[in-house]
Amino acid sequence: MNATAVMGRLEETSPKAKASLAGGLLLITILAGGFAQGFIGGSLIVSGDATATATNILAHDPLYRLAFAIYLVEMACQITMTVLFYDLLKPVSKGASILAATFGLIGCTIKTLGRIFFFAPLLVLGGAHYLSVFDPKQLQALALLFLCLNYAAETIAMVFFGLYAIVKGYLVFRSTFLPRVLGVLSAVGVLGWLTYLYESPALRLQSYIVGAAVSGSLVSVVWLLVYGVNEQRWKEQANAAAASIWR
């Protein structure tokens, strides 16, 4: 199915169904990212200890590969969710909705490409013959370096997700078909993500940043899954936006 056909099917889907799907994808994104990073990554990767990290990865190879697969599912869900929110919020302001989607998709692209560095330790520690020119300590250090690069890519992506959340929060606040509190919660989460512009305070405040962002996201998930959007108001705002184009 080509892109035109996909967009055509998207246009035919009701706003409430789009909102419910976006909410479900947001929930999967939160759970998948939390499980892969918090549970698997957190138990296998030892900060600053290349030897322990390499030992854990080799001892739990299937689990580490599972984390990589879950990361890919997470990003597939987040990309689809970003497109759905673009379509839902387009009646508020098409230009701002495009801007939000652009920030979100740039963040998704950076984070997805960064996952190559998460997978790279499996290649470095895999015992291939051409790697015999390196001693084990060098290979372990190289594996940890790749994980640091994966984290750096995540950090850069977070800044773009913060910019995305600013514009999305503004659009939600201005919409007539979603509660304004969801826009406010999105904006509050932004303040945390943008601290990743400077890593030191971001690391100190990480638990608060993640807690605030996840709490706000879960409120959005519940609303989107249970209530969705007010379809009548969405159509009214969409019709008003279409009329203004032809004035």
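This passage describes the overall fold of a predicted model of a protein chain and then its salt bridges.

The secondary structure of the protein chain comprises ten helices and zero strands. Read from the N terminus, the order of elements is accordingly α-α-α-α-α-α-α-α-α-α. The protein chain has 247 residues, of which 41% count as buried. The exposed surface of the protein chain amounts to about 12,900 Å², and carbon and sulfur atoms supply 69% of this area. Contacts were also examined by the distance of the partners along the sequence. When contacts between residues at least 6 apart in sequence are considered, 78% join residues at least 24 apart.

Attention then turns to charged side chains. In general, side chains of opposite charge can pair when their charged atoms come close. In the predicted model, five salt bridges were counted. Three of them are described here, beginning with the pair formed by Asp87 and Lys18.

The side chains of Asp87 and Lys18 meet with a distance of 2.3 Å from N to O. Asp87 belongs to helix α4, which spans residues 61-89, whereas Lys18 belongs to helix α2, which spans residues 15-44; the salt bridge therefore ties together parts that lie 69 residues apart in sequence. Both partners, Asp87 and Lys18, are buried.

Asp87 also forms a salt bridge with Lys90, where the distance from N to O is 3.4 Å. The relative accessibility of Asp87 is 2%, so this residue counts as buried, the limit for that class being under 20%. Lys90, by contrast, has a relative accessible area of 22% and is therefore partly exposed. Through shared partners, the salt bridges join Lys18, Asp87 and Lys90 into one network.

A further salt bridge is formed by Arg65 and Asp61, whose closest N and O atoms are 2.7 Å apart. Both residues lie in helix α4, and because they are four residues apart, about one helical turn separates Arg65 from Asp61. Arg65 has a relative accessibility of 40% and thus counts as partly exposed. Asp61, with a relative accessibility of 24%, likewise counts as partly exposed.

Taken together, the salt bridges described include a pair that links helix α2 with helix α4 and a pair set within helix α4. The former pair consists of two buried residues, whereas in the latter pair Arg65 is partly exposed and Asp61 is partly exposed.

Definitions and conventions: Residues are numbered from 1 along each chain as its sequence is written. This is a predicted model: local features need pLDDT of at least 70, side-chain atom pairs count only at pLDDT 80 or more; totals for chains, interfaces and linings use all residues. Side-chain values use heavy atoms; hydrogens and water are left out. Helices (H or I, at least four residues) and strands (E, at least two) are DSSP runs, numbered from the N terminus. Buried means under 20% relative accessible area, exposed over 50%, partly exposed in between (1.4 Å probe, protein chains only). Contact means heavy atoms within 4.5 Å. Accessible areas come from the Shrake-Rupley method with a 1.4 Å probe; for residues, only the protein chains shown count as cover. A salt bridge is a side-chain nitrogen of Lys or Arg within 4 Å of a carboxyl oxygen of Asp or Glu.
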